[in-house]
Amino acid sequence: MKVVTSENSERVARYAFEYAKKNGRKKVTTIHKANIMKLSDGLFLETSRKIASEYPDIEHNDMIIDNCCMQLVSKPHQFDVMLMTNLYGTIVSNVVCGLVGGAGLLSGKNYGDHYAIFEPGTRNTGTAIAGKNIANPIAMLNASADMLEHLGHHYHANMIHKAVDRTVNEDHIHTPDLGGQATSIDVVQNIIKYLQETTKTSNW
């Protein structure tokens, strides 16, 4: 059973458009399967169109989830903010993570009315590589930095993000999932090295 309510459809849609407005985004794409699920996804799509009419400066279009996955692979730059229900969000986030390097890089942010949860973007448990010292810790570290950012600790969040960026993109310390030979500990120790250098040259 798939339950979609008008109240929650409106809540999620308004969040998407408010996010776009606050962050200078130009377009919101609603992802759905309203051609088949006419009641549940039909309501979600109808509600998103109603909310879109309140934001004339933000472009709105919609796309069926099947086509969306293909378009993400073939023309990813057409997307800006994407609005969808939970199941399609799980599918799309996994596709996006796969496009940019796999499960070990991107973080996921989950916002509710009262609480927020931060986690690796694909929710990949990685049980097959547990205890082998080859798991990529970047996604979890990015999630931790996102949590610090959310809590208002911008300076410390920025420190971690910069250290992660330098480790991956400048020093090219990559775990096997990224085609490298580094261990989980190698990655973490390199990030710690940058954090220690930063704290020596700054006043906390």
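These legends go with close-up views of a predicted model of a protein chain.

**View 1. Here is the whole chain, before we zoom in.**
Start by counting the building blocks: the secondary structure comes to seven helices and five strands. Read from the N terminus on, the elements run α-β-α-β-α-β-α-β-β-α-α-α. If you boxed up the C-alpha atoms along the principal axes, you'd need a box of roughly 55 × 40 × 30 Å.

**View 2. This one shows domain 1 and domain 2 of the chain.**
The domain assignment gives residues 1-100 to domain 1 and residues 103-203 to domain 2. How many residues does each domain bring to the contact? Domain 1 supplies nine residues, and domain 2 supplies seven residues. Measuring tape aside, the centres of the two domains, taken over C-alpha atoms, are separated by 28 Å. The size of an interface is often given as the accessible area lost when the parts come together. For domain 1 and domain 2, the buried area is about 630 Å², with 56% of it on carbon and sulfur atoms.

**View 3. Next up are helices H3 and H4.**
H3 covers residues 65-74, and H4 covers residues 86-99. Their axes come within 10 Å and cross at roughly 15 degrees. Angles under 35 degrees count as roughly parallel, so H3 and H4 are roughly parallel to each other. The crossing of this pair is right-handed. Look for Ile65, Cys68, Cys69, Leu72 and Val73 on the H3 side, meeting Tyr88, Ile91, Val92, Val95, Val96 and Leu99 on the H4 side. Which classes of residue make up this contact of H3 with H4? It has eleven nonpolar residues, with no polar and no charged ones.

**View 4. Now we move to helices H5 and H6.**
H5 spans residues 138-150 and H6 spans residues 154-170. The two axes come within 7 Å and cross at roughly 160 degrees. Angles over 145 degrees count as roughly antiparallel, so that label fits H5 and H6. H5 passes H6 in a left-handed crossing. From H5, the contact uses Ile138, Leu141, Asn142, Ala145, Asp146, Leu148 and Glu149. Facing them in H6 are His154, His156, Ala157, Ile160, His161, Val164 and Val168. Sorted by class, the residues of this contact are eight nonpolar, four polar and two charged.

**View 5. Here H6 meets another helix, H7.**
H7 runs over residues 184-200. The axes of H6 and H7 come within 9 Å and cross at roughly 130 degrees. That angle makes H6 oblique to H7. The crossing is right-handed. On H6, look for Tyr155, Met159, Ile160, Ala163, Val164, Arg166 and Thr167. On H7, the contact residues are Val187, Asn190, Ile191, Tyr194, Leu195, Thr198 and Thr199. In this contact of H6 with H7, you'll find nine nonpolar residues, four polar and one charged. Spot Ile160 and Val164 here: they are in the H6 contact with H7, and they are also in the H6 contact with H5.

**View 6. The last view picks out Glu119 in strand S5.**
S5 is made of residues 116-120. Which residues does Glu119 touch, not counting those up to four places away in sequence? Look for Ser107, Gly108, Asn110 and Ala143. If you want to place Glu119 relative to Val3, the two are 116 residues apart along the chain. Their C-alpha atoms are separated by 25 Å.

Definitions and conventions: Residues numbered from 1 in each chain as written. Predicted model: local features only at pLDDT ≥ 70, side-chain atom pairs only at ≥ 80, totals over all residues. Heavy atoms only, no water. Axes fitted to C-alpha atoms, helices over the stretch in contact; angles between N-to-C directions. Helix = DSSP H or I, 4+ residues; strand = E, 2+ residues; numbered from the N terminus. Parallel < 35°, antiparallel > 145°, perpendicular 65-115°, else oblique. Left-handed = near helix turned anticlockwise from the far one by under 90°. Contact = heavy atoms within 4.5 Å. Nonpolar A, V, L, I, M, F, W, Y, C, P; charged D, E, K, R; others polar. Domains from an automatic or database assignment. Buried area = accessible area lost by both parts, 1.4 Å probe.
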